Protein chains: 2
Amino acid sequence: MTARTPDSARDIPEATVARLPVYLRALISLAEEGITTCSSEELAAFAGVNSAKLRKDLSYLGSYGTRGVGYDVEYLRYQIAREIGVTQDWPVVIVGIGNLGHALANYSGFRSRGFRVVALLDADPDRHEEVVAGLEVRSFEDLESIVAEHDVSIGVIATPAVAAQSVADRMVATGITSILNFAPTVLSVPDGVGVRKVDLSIELQILAYHEQRKSVAPGAGAVS
Amino acid sequence: MTARTPDSARDIPEATVARLPVYLRALISLAEEGITTCSSEELAAFAGVNSAKLRKDLSYLGSYGTRGVGYDVEYLRYQIAREIGVTQDWPVVIVGIGNLGHALANYSGFRSRGFRVVALLDADPDRHEEVVAGLEVRSFEDLESIVAEHDVSIGVIATPAVAAQSVADRMVATGITSILNFAPTVLSVPDGVGVRKVDLSIELQILAYHEQRKSVAPGAGAVS
DNA sequence: CTCGTTTTGTTCTCCCGTTCACAAACTCCT
DNA sequence: AGGAGTTTGTGAACGGGAGAACAAAACGAG
């Protein structure tokens, strides 16, 4: 048994971090249904994971359950939100207002989960008059002043692949330290800058691989 | 040394499958630059992975390199494409033509990587006149006939969260066996149906977690 | 107060994936 | 032909995560 560190500074495994948002979403759903208490079994079913895994994940945050009873939905919800850091609001800039940028700007899930889009930037001057999701599309040149003004640390790249690396470089130069990349390119950034990528066609290709396997050898397992 | 199985029927680790599309993209880039041969070191740098990992990944497909020389770009490109299954065309239906559905329908990366969007479906009759990306938006009720006509096995869900499960159920009932889910919900599907999910706000929340950590304890590592 | 029931938190084991390190194999130069 | 230099393919060590299983803790009944 290690020393108790009730406040912070534990190291949570990356796999667990990736699941915490799922648990948070499940807890919000439960709260909306008026459920105030739930067992690890119930919550795990809601989140689509094994209950042992759920308990182990939560144990990294602390001891927030009651044995024999379960978890208080509202309390656990707050604790996870605090751990992730979405009790505060994170300002976000989106660069590249094409089809995908449009969709992201209008996506209500960002706002409702602690993220506020403060600016939409595009290199194409033809788009600069346009108003998307209540925000005027501005020049990419304004990146630095916007980041400084709103203290932005998270940037979203929704540009074509060829532009992505230079946009990332510029973002890093202005002080952004977390990047969500939708462009189908591998970004190279300095140490200390976090990058996550979402590649739409890669996901489809993974599905295609398993699909092809099914038709050849019937007996393939699950995918995810 | 195990028996050679030159044709198919090896089991490729899931982690490797997820990287094959990245290698494929890197090879296409190299081919466009006129490069005909590359070492594992070069290709790995291009794909953003360790060269040892790359070689091990490729070794699951077979021995397609030449020691002392490297890999033939065009040959390896074809082998990976064949292994994934993107030498043929996969018909795809998209359900839910909101902001995100629009963006997906217009995304050129699908077509160029072996996927062909054959239909756009939406439950809202107000959208049924609209033409998006050269396709008329049709009623969700047409799902069954479209799937049958085009022999569709891959479906994309871009609906609001509340509708996603019922859409998935209907897809499965019509014979679709692979689903790419953009709705922020856990889908439950029968065994044998593959599901992959893309959750935009979860990715941001993971970034937020690490971002928060940086400001508290300066010395956090990379993200992924 | 005591016992049985429920459910968490944690330990232990197994498996998958990553990385190192090196032998095998190929090219090129002399 | 032979040796030096490269680069692949893979065996082996290593680390992290998943799941089973159980002890510890809370609650309720009698």
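Modeller: Welcome! Before we start, UniProt positions are given here in the numbering used for this structure, feature names are shortened, and annotations may be inferred rather than shown by experiment. Please also keep in mind that this is a predicted model.

Biologist: Thanks! Which residues of chain A does UniProt list for "DNA-binding region"?

Modeller: In the model, the end C-alpha atoms of that span lie 15 Å apart, and the span is 70% helix and 5% strand. The name comes from an unreviewed UniProt entry, which lists residues 22–61 of chain A.

Biologist: And which residues of chain A does the annotation "domain: CoA-binding" cover?

Modeller: This span is 34% helix and 28% strand, with its end C-alpha atoms 27 Å apart. The annotation is again from an unreviewed UniProt entry, and the stretch of chain A it covers is residues 85–186.

Biologist: Let's look at the DNA. Which residues come nearest to DNA strand C, of the 27 around it?

Modeller: Both protein chains take part, with α3 (51–59), β2 (65–66) and β3 (70–72) of chain A and α1 (14–32) and α3 (51–59) of chain B each giving two or more residues to this surface. Those that come nearest are S40(A), G65(A), Y71(A), R19(B) and R67(B).

Biologist: Which residue has a side-chain N or O atom 3.1 Å from a base nitrogen of DNA strand C?

Modeller: Two other side chains point us to phosphate oxygens instead: a polar atom of Y71(A) lies 2.7 Å from one, and a polar atom of R19(B) lies 2.8 Å from one. For the base nitrogen at 3.1 Å, the side chain belongs to R55(A).

Biologist: What share of the atoms of DNA strand C within 4 Å of the protein belongs to sugar or phosphate?

Modeller: The protein surface here has six nonpolar, eleven polar and ten charged residues. On the DNA side, bases make up the rest of the atoms within 4 Å once sugar and phosphate are counted, and the sugar or phosphate share is 66%.

Biologist: Now DNA strand D. Which element gives the largest share of the surface near it?

Modeller: The elements with two or more residues there are α1 (14–32) and α3 of chain A, along with α3, β2 and β3 of chain B. The largest share is four residues, and these come from α3(A).

Biologist: Which residue has a polar side-chain atom 2.9 Å from a base nitrogen of DNA strand D?

Modeller: Some contacts to this strand use the backbone: polar backbone atoms of S40(B) and G65(B) are 2.4 Å and 2.9 Å, respectively, from a phosphate oxygen. The side chain that lies 2.9 Å from a base nitrogen is that of K56(B).

Biologist: How do the protein chains meet? About how much area do chain A and chain B bury between them?

Modeller: The size of an interface is often given as the accessible area lost when the parts come together. Here 66 residues of chain A are in contact with 66 residues of chain B. R196(A), L204(A) and Q205(A) supply 11% of the area that chain A buries, more than any other three residues. With 63% of it on carbon and sulfur atoms, the area buried between the chains is about 6,000 Å².

Biologist: R196(A) sounds worth a second look. Which residue stands opposite R196(A) in the sheet?

Modeller: Seven strands of chain A form an open sheet with mixed pairing, in the order β6-β7-β5-β4-β8-β9-β10. Its edge strands are β6 (131–132) and β10 (194–197), each pairing on one side only. Four bridges join β10(A) to strand β9 (residues 178–181), running parallel. Opposite R196(A), which sits in β10(A), stands L180(A).

Biologist: In chain B, why is one side of β1 and of β2 left without a neighbour in the sheet?

Modeller: The open sheet has three strands in the order β1-β3-β2, paired antiparallel. Two bridges join β1(B) to β3 (residues 70–72), and C38(B) stands opposite Y71(B) in β3(B). One side of β1 (37–38) and of β2 (65–66) is free because these strands stand at the edges, each with a single partner strand.

Key. Residues are numbered from 1 along each chain as its sequence is written. Chains are lettered from A and ligands numbered from 1 in the order in which they are written. This is a predicted model: local features need pLDDT of at least 70, side-chain atom pairs count only at pLDDT 80 or more; totals for chains, interfaces and linings use all residues. Side-chain values use heavy atoms; hydrogens and water are left out. Two strands pair if DSSP finds at least two bridges between them. A residue is near a molecule or strand if one of its heavy atoms lies within 4 Å of it. A polar contact is a pair of N or O atoms within 3.5 Å; within protein, one must be able to donate a hydrogen and the other to accept it, and residues adjacent in sequence count only if both atoms are side-chain atoms. Ala, Val, Leu, Ile, Met, Phe, Trp, Tyr, Cys and Pro count as nonpolar, Asp, Glu, Lys and Arg as charged, and the others, Gly among them, as polar. Contact means heavy atoms within 4.5 Å. Buried area is the accessible area (1.4 Å probe) that two parts lose on being put together, summed over both.
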